[in-house]
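Me: I'm in my first year and still learning how to read protein models. Could you take a close look at one part of this one with me, the open sheet, and then carry on to whatever else is worth seeing?

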Amino acid sequence: MPADLPRVLSVIPPMTQLNTPYPSAAYLTGFLRSRGVQAFQEDLAIALVLRLLSRDALAQVADLARALPAQAQSPAVQSFLAQQDRYLATIGPVIAFLQGRDSTLAHRIASRAWLPEGPRFAALDVFEDDGSGDPLGWAFGALGLADKAKHLATLYLNDLADVLRDAVDERFEFVRYAEQLAGSQPTFDPLAGALAQAPTLVDEALATLTHEAIARHQPGVVLLSVPFPGSVYGAFRIAQAIKARHPHIVTVLGGGFVNTELRELADARVFDFFDYVTLDAGERPLLALLEHLQGQRGRQRLVRTFAREGDAVQYINMMEADIAFAEVGTPTWDGLPLHNYLSLLDMLNPMHRLWSDGRWNKLTVAHGCYWKKCSFCDVSLDYIGRYEGASAQVLADRIEAIVAETGQTGFHFVDEAAPPKALKALAHELIARGTGISWWGNVRFEKTFTPELAELLADSGCIAISGGLEVASDRLLALMKKGVSVDQVARVTRAFADAGILVHAYLMYGFPTQTVQDTVDALEYVRQLFANGCIQSGFFHRFACTVHSPVGQNPQEYGITLAPLPPGGFAKNDVAFIDPTGTDHDALGAGLKKAIYNYMHGIGLEEDVRMWFPFRVPKTTVKRDRIARALQARHA
């Protein structure tokens with residue numbers, strides 16, 4: 001592209017993850033640089049958290065908290081004010097510890113005598129003493145000093161997040177920041193109202209960081225990628241700050257939230273903040289937009305782009321082939337503060353730990369999903385429906401380039417479901433090259449994952465695998481079009497576990513037509529999977545019907561009726577439904593989550609699953625040796 005192309009800044013808005021950069025900016029920056037664009041990136045999510053969790057900022061927070069009427073001070077705020085000096089003295093060292101810059105501090109943190117403790121530490125009271133006098137002894141053991149300290153330091157930060165929420169900005173959270181303003185929100189009114197309010201200390205800090213980034217990079221175009229509802233408010237505040245001082249800078253909104261929830265965007269007020277909004281994979285729309293800004297392409301030749309036309313919103317989509325996945329280039333983390341991220345240990349779930357602890361290079365093995373049939377999934381959208389791969393050589397080249405750039409060898413493959421054929425080829429390539437990495441990712445538990453393939457993947461560096469068991473019921477798995485059976489999942493997960501790979505099962509409840517009996521039977525299957533060493537980690541999610549899924553598009557096939565969607569021209573994704581089965585899934589959910597938490601710690605695996613529910617439920621119809629027999633059958 002010509003040299004007079006505008007400089008492009010990709011920004012990660014708050015909030016995403018604190019332990020590693022969300023990959024969208026790295027993907028886009030790497031791609032744009034491969035096309036000759038002067039591209040840069042900033043992570044204002046981690047920058048904002050570090051600015052707020054500093055001695056100076058906490059002193060300001062204390063002043064604001066002290067100004068609140070006594071009756072308006074929450075327990076978190078009261079605890080913070082009572083221990084203010086200790087918080088100001090410890091915040092800098094704790095941040096350094098969580099950044100991996102002062103590991104010896106673990107001894108003082110683990111002592112429970114150094115850190116100030118607020119209401120979040122009350123959660124430790126639920127743990128039983130293992131006889132050592134330490135209620136966390138069972139979780140971390142004698143050798144888990146660093147992990148114990150990391151967990152305590154995470155509780156300390158969560159206390160401070162509660163203080164920020166209760167004393168400074170009621171919307172503040174480390175992850176779900178103001179998400180109620182955006183997620184499945186039919187009208188722009190709540191977000192517009194929040195953006196019109198006087199800025200809070202959090203807003204002011206974000207605006208300052210935004211102006212500093214603009215001064216550093218002098219961009220002509222700023223890209224803001226919002227993967228989740230919890231990053232939308234931050235993105236709009238950033239755009240608002242840019243437009244207030246630099247109205248000539250072109251602002252562009254995209255990302256996962258836009259791709260799923262703003263496909264029918266019709267509220268022109270969005271364009272008071274953003275000049276353009278793009279859908280789906282960003283490479284082709286951005287190239288078209290940059291050509292347009294150079295005067296080389298007319299407005300009506302933009303690709304998958306919303307823009308304002310007078311008082312209305314216009315969707316422009318000149319049909320043009322997407323950039324092939326093999327040609328999107330290698331992500332780059334150049335410009336991101338890789339040593340500033342915080343390794344947290346929030347939940348004791350072993351798979352969730354991978355999400356929050358340590359910095360992982362995020363990479364995609366293939367675009368989209370090769371299966372794309374699951375009835376609860378957004379199979380009609382590009383991020384699922386358009387499946388494209390790249391050769392093992394191309395993927396291995398990208399991995400080696402990223403390791404050389406970052407100096408870090410941990411990878412999270414972020415595919416919806418990494419294809420077994422591609423993983424097998426990549427494993428052979430990594431082993432042949434002697435590329436010593438550790439990696440984890442998401443798969444379908446299909447029969448292609450034999451014990452031999454599981455061993456190969458482990459040899460290539462695989463440390464953990466997650467996959468959807470959803471509702472452990474062959475009837476419901478067939479209705480979901482998962483293409484797997486419970487027996488097959490048992491054999492595949494055991495193969496991974498036998499290869500030394502941690503296995504996490506995504507579990508679901510509340511699927512259409514799911515009965516209490518289905519739920520009890522599913523939990524019995526899950527109990528047996530844990531007891532037989534097939535899975536080591538799991539989490540129950542409540543089913544949500546989306547407008548883009550087969551369930552949402554053909555509800556009659558699943559025996560449900562959709563509730564009418566409220567009018568509005570903003571977000572549209574989740575849709576309520578009426579299931580004539582009438583099962584109280586909320587009541588069952590608490591028991592399911594209690595059971596899975598205990599199973600992960602080896603507790604209650606021999607007990608009747610009915611014990612986890614505080615009310616009468618039917619006895620399971622699943623034989624207690626069902627999974628054991630399925631595992632024996634693989635050797636028959």
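Reply: Here is a walk through the sheet, then the salt bridges, the cysteines, the nonpolar cores and a few odd spots in the backbone. Keep in mind that this is a predicted model.

Let's start with the sheet. It is open and built from six strands, which line up in the order 8-11-12-13-14-15 with parallel pairing. As background, strands of a sheet pair through backbone hydrogen bonds, either parallel or antiparallel. Which strands stand at the edges? They are strand 8 (361-363) and strand 15 (537-542); each has a single partner strand, so one side of each has no neighbour in the sheet. If you look from strand to strand, neighbours are turned by 20 degrees against each other on average, direction ignored.

Now zoom in on the edge at strand 8. Its parallel partner is strand 11 (residues 410-413), and three bridges join the two. To find your place there, look for Lys362, which stands opposite His412 in strand 11. Then go over to the other edge. Helix 23 (residues 585-599) lies across strand 14 (502-509) and strand 15, and its direction makes an angle of about 170 degrees with strand 15.

Follow strand 14 onward and you come to the loop between that strand and helix 21 (516-531), where Thr513 sits. Thr513 is a bit of an oddity: its phi is positive, about 70 degrees, although it is not a glycine. Gln218 does something similar, with a positive phi of about 50 degrees, and it isn't a glycine either. You'll find Gln218 in the loop between helix 10 (201-217) and strand 3 (221-225), and with a relative accessible area of 55% it is exposed. One more backbone surprise is the cis peptide bond between Pro14 and Met15, with omega at about 0 degrees. Met15 belongs to the loop between strand 1 (8-12) and helix 1 (24-34).

On to charges. The count of salt bridges is 42, so let's just pick a few. Glu117 pairs with Arg112, and their closest N and O atoms are 2.5 Å apart. Glu117 is partly exposed at 26% relative accessible area, and Arg112 is partly exposed too, at 32%.

Arg353 and Asp147 also meet in a salt bridge, at 2.6 Å from N to O. That pair ties together distant parts of the chain, since Arg353 is in helix 14 (residues 350-356) and Asp147 is in helix 8 (residues 145-167), 206 residues apart. Both ends are partly exposed: Arg353 has 25% relative accessibility, and Asp147 has 23%.

Stay in helix 8 for a local example. Asp162 and Arg165 form a salt bridge at 3.3 Å, N to O. These two are three residues apart in the helix, which means about one helical turn separates them. Is each end buried or exposed? Asp162 counts as buried at 10% relative accessibility, while Arg165 is partly exposed at 31%. Elsewhere, salt bridges join up into a network that links Arg263, Asp280, Arg304, Asp322, Asp382, Arg386 and Glu388.

What about disulfides? A disulfide is a covalent bond between the sulfur atoms of two cysteines. The count here is zero. Take Cys369: the nearest cysteine sulfur belongs to Cys374 and is 6.5 Å away. For Cys377, the closest cysteine sulfur is again in Cys374, at 6.1 Å, and that is too far for a bond. Both Cys369, at 9% relative accessibility, and Cys377, at 19%, are buried.

Finally, look inside. The largest nonpolar core has 205 residues, and the members that touch the most others are Leu157, Phe236, Phe496 and Phe511. Helix 8 turns up again here: it gives the most to this core, with 11 residues. To see what Phe236 is up to, skip its neighbours within four places in sequence; its contacts are then Phe188, Leu191, Leu195, Leu253, Val270, Phe273 and Phe274. Apart from that core lies another one of five residues, including Met351, Leu354, Trp360 and Ala464.

Technical notes: Residues numbered from 1 in each chain as written. Predicted model: local features only at pLDDT ≥ 70, side-chain atom pairs only at ≥ 80, totals over all residues. Heavy atoms only, no water. Pairing = 2+ DSSP bridges. Helix = DSSP H or I, 4+ residues; strand = E, 2+ residues; numbered from the N terminus. Axes fitted to C-alpha atoms, helices over the stretch in contact; angles between N-to-C directions. Contact = heavy atoms within 4.5 Å. Salt bridge = Lys/Arg side-chain N within 4 Å of Asp/Glu carboxyl O. Buried < 20%, exposed > 50% of the residue type's maximum accessible area, 1.4 Å probe, protein only. Disulfide = S-S within 2.5 Å. Core = buried A, V, L, I, M, F, W, Y, C linked by side-chain atoms within 4.5 Å.
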